[in-house]
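The report below walks through one protein chain, starting from a single residue and widening to the strands, the charged pairs and the chain as a whole. Please keep the sequence and the model at hand while reading.

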Amino acid sequence: MPRRDPFREIEELFERMGREFEELGGTLETPMSADVAVDVAEDDEEIRVTADLPGYDREEIDVELHDEALTIAATREDASETDADADGADDEEDDVRYHVRERRTRAVSRRIPLPAPVKPDGATASYTNGVLTVTLPKRSATDASGHRIDID
């Protein structure tokens, strides 16, 4: 009698679930914090948060500082197959037929607790080649107000 491999059984279950999800169209759109990979680095003067957000435009990213945590959220509005009519042609482009249409609206977010109090007014953010970098100067723990950070 062959030995059971519970880990392989779990992998097979996830593969089946993934295939069934794709057959349903994969339309369940929920923000997933695991989709935003971040690095948080600190020195004596500042905290630097670096986040990978490939495929997003600067205007689609929102960065907020509140309650000693940084929140990064991004929403991308891609084409979806709900725009296509029954015969497979797109309403806007009647002569186009899609053979594969997988791009969807995508929303991700991540709340990052900060390791030390920061000065909201001195916070800066930049976005280059799909990488968001937020620099937050440290401060004393007296100001607890929220602050929106604009991206350069």
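P137 has its place in strand 7 of what is a predicted model. Although P137 and E45 are 92 residues apart in sequence, their C-alpha atoms are 6.0 Å apart in space. Leaving aside residues up to four places away in sequence, P137 touches E45, E46, V118, K119, G122 and A123.

The loop between strand 7 (131-137) and strand 8 (147-149) contains R139. Is R139 buried or exposed? With a relative accessibility of 15%, R139 counts as buried, because buried means under 20%. The side chain of R139 makes a polar contact with the side chain of E68, at 2.6 Å.

K138 is found in that loop between strand 7 and strand 8 as well, and it takes part in a salt bridge with E42, in which the closest N and O atoms are 2.4 Å apart. This pair links distant parts of the chain, since E42 belongs to strand 1 (residues 38-42) and stands 96 residues from K138. Both partners count as partly exposed, E42 with a relative accessible area of 44% and K138 with one of 21%.

**Two hairpins**

Strand 7 also takes part in a hairpin with strand 6 (residues 124-128), with two residues between the strands. The two strands run antiparallel and are joined by five bridges, and within this pairing Y127 stands opposite L132 of strand 7. Strand 6 has a covered face, made by A125 and Y127, and an uncovered face, made by T124, S126 and T128. In the loop between strand 6 and strand 7 lies N129, whose phi is near 50 degrees, a positive value in a residue other than glycine. N129 counts as exposed because its relative accessibility is 78%, with the limit for exposed set at over 50%.

A second hairpin is formed by strand 3 and strand 4, again with two residues between the strands, and D67 in its turn has a positive phi of about 55 degrees. Strand 3 and strand 4 (residues 69-76) run antiparallel and are joined by six bridges, and the bridge partner of E64 in strand 4 is T71. What do the side chains do along strand 3 (residues 61-66)? They alternate, with I61, V63 and L65 pointing to one face, where they are buried, and D62, E64 and H66 pointing to the other, where they are not buried. In a regular strand the side chains alternate between the two faces of the sheet.

**Helix 1 and the charged pairs**

L13 lies in helix 1 (residues 6-23) and counts as partly exposed because its relative accessibility is 38%. Together with F7, I10, F14 and M17, L13 makes a nonpolar surface patch of about 540 Å².

Helix 1 carries charged side chains too, including those of E12 and R8, which lie four residues apart, about one turn of the helix. Their side chains meet in a salt bridge, and R8, E11 and E12 are linked in a network of salt bridges. E12, at 33% relative accessibility, counts as partly exposed, and so does R8, with a relative accessible area of 35%. A further salt bridge joins R4 and E9, of which R4 is exposed, with a relative accessible area of 66%, whereas E9 is partly exposed, at 35%. Side chains of opposite charge can pair when their charged atoms come close.

A search of the whole structure finds six salt bridges, and the table lists three of them with the distance between N and O.

| Salt bridge | N to O distance |
|---|---|
| R4 and E9 | 3.0 Å |
| E12 and R8 | 3.4 Å |
| E42 and K138 | 2.4 Å |

**The chain as a whole**

The chain holds one helix and eight strands, and from the N terminus on its elements run α-β-β-β-β-β-β-β-β. Among the contacts in the chain with a separation of 6 or more, 62% are between residues 24 or more positions apart. Buried residues make up 25% of the 152 residues in the chain. The accessible surface of the chain comes to about 10800 Å², and 48% of this surface belongs to carbon and sulfur atoms.

Notes: Residues numbered from 1 in each chain as written. Predicted model: local features only at pLDDT ≥ 70, side-chain atom pairs only at ≥ 80, totals over all residues. Heavy atoms only, no water. Buried < 20%, exposed > 50% of the residue type's maximum accessible area, 1.4 Å probe, protein only. Polar contact = N/O pair within 3.5 Å; in protein donor to acceptor, adjacent residues only side chain to side chain. Patch = residues over 30% accessible without salt bridge, like charges linked within 9 Å, V, L, I, M, F, W, Y side chains within 5 Å. Areas by Shrake-Rupley, 256 points an atom, 1.4 Å probe, with all protein chains shown as cover. Salt bridge = Lys/Arg side-chain N within 4 Å of Asp/Glu carboxyl O. Contact = heavy atoms within 4.5 Å. Pairing = 2+ DSSP bridges.
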